Amino acid sequence: MQLFFKSIKSLFFLITLGLLIFSCENESIQGEQQQEDPTDPFEPPPVQLILNELKTTELNDFQREFINYFDPTGRHTSSDANFTQQNTIFTSIEEIAYNSNGLRTSYNKNNNGFETNAVNFAYQDNVLTQVTDVVSGPGNTYTLDYSNNQIIVNVSGNFEGRFVYVFADNTFQQLISSESTIPYVNASSNPNYRFEYQYDSELNISQITRLEYNDTTEMLEVDYTEVYTYDDKFNPLRVLFETNPLIVLDPDVVRPLVYGISSHSRFYNNRNILTITRNYSNSTEQRLTTFTYTYNEFDFPTSSSEINTTIDTSTNEETEGLMRDREYTYYD
């Protein structure tokens, strides 16, 4: 059972990575055409700053600190992490390798000597076709099939699964929905959940709706909705979507995720998120995340703070949750 959950975590990380690796590669091919598109509502910054380092410090929880490193093209190359728990410091190191075409070839994580992750990527004509992973033993194989505006990912190994990603068109740039079916037996298998996405006039994600399968009604029903608001400044992590195969990153620290794609929403956006408000369908609990920034003369953030608050809407009682501070360093 423990191996199964490790495989599930690994699945979400790898699938989301794989899909958006393809998105980046496809965007590279069509980049010049998209930049000239007069219908694009977002005005790019006059100066595009590239992150050199991003440092994240958690002010509670396990007192975690992460430093992420980027090359001059904006690709994420490595991460160092320190975790303090019961006066003991644990470390984690991640390294990402690329080939001469700028495509990722491997990802390796040494987690304080425990549960080393190794991931390899296979391509055909510079398009990602297969991902294999090893997480504390034999892993899974993820095969990607592209059809019109959909990417279908079939999983084999420790379990059988299928993910279906639907985009606005066959450039695979704007995600409309994502659906998971685990285990997947055949076309009659019921999905576990689905995420649906809405966008504002600048193509920032404005709302995410999560639907979960109800075994009693045999239907997908709304679990929660998240509503996003933004500032009018430039999101430095957006460049990762344009130039870096590693665009699916941890919202907390910019490192590979091990869970669903909805958590990566801030990296799709042109602007910086100010608030995220989550409301549950069958609960009075509301989760509010607020962000504050300081900016440089080019309207890029140099530091930011994040606070998570849980609110009981029936009593207005508030409980403060995780707090984080970030420092952004750019190449000259």
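Strand S13 and strand S14 (residues 219-230) run antiparallel, with eight bridges joining them. This is a predicted model, so keep that in mind as you click through it. On its other pairing, S13 teams up with strand S12 (residues 193-199), again in the antiparallel sense, over seven bridges. After the strands come the aromatic rings, and then two arginines that sit over tyrosines.

**S13 and its partners**

- Strand S13 covers residues 205-214, and seven of its 10 residues are buried, so the rest of the structure largely encloses this strand.
- If you want a landmark on the S14 side, look for Arg210, which stands opposite Tyr224 in S14.
- On the S12 side, Arg194 has Leu211 in S13 as its bridge partner.

**The two turns**

- S12 and S13 make a hairpin, with five residues between the strands.
- In that turn, Leu203 has a positive phi of about 65°.
- S13 and S14 make a hairpin too, this one with four residues in between.
- Here the turn residue with a positive phi is Glu218, at about 55°.

**Aromatic pairs**

- The count of aromatic pairs comes to seven.
- One of them is Phe163 with Tyr165, a stacked pair with 6.4 Å from centre to centre and 15° between the planes.
- Phe163 and Tyr165 are both buried.
- Phe234 and Phe300 also pair up: their ring centres are 5.5 Å apart and their planes lie at 35°, so this pair counts as tilted.
- That second pair ties together distant parts of the chain, as Phe234 and Phe300 are 66 residues apart.
- Phe234 sits in the loop between S14 and helix H2 (238-243), while Phe300 sits in the loop between strand S16 (285-295) and strand S17 (301-312).
- Phe234 is buried, and Phe300 is as well.
- Zoom out a little and you'll find Phe234 and Phe300 in one aromatic cluster together with Phe42 and Tyr330.

**Arginines over tyrosine rings**

- Tyr224, the residue facing Arg210 across the strands, has another arginine to deal with: the charged end of Arg278 sits over the Tyr224 ring, 3.9 Å from its centre.
- Tyr98 has a charge over its ring as well, namely the charged end of Arg75, which is 4.2 Å from the ring centre.

Conventions: Residues numbered from 1 in each chain as written. Predicted model: local features only at pLDDT ≥ 70, side-chain atom pairs only at ≥ 80, totals over all residues. Heavy atoms only, no water. Buried < 20%, exposed > 50% of the residue type's maximum accessible area, 1.4 Å probe, protein only. Pairing = 2+ DSSP bridges. Phe/Tyr/Trp six-rings, centres within 6.5 Å; stacked < 30°, edge-to-face > 60°. Lys NZ or Arg CZ within 6 Å of the ring centre and 35° of its normal.
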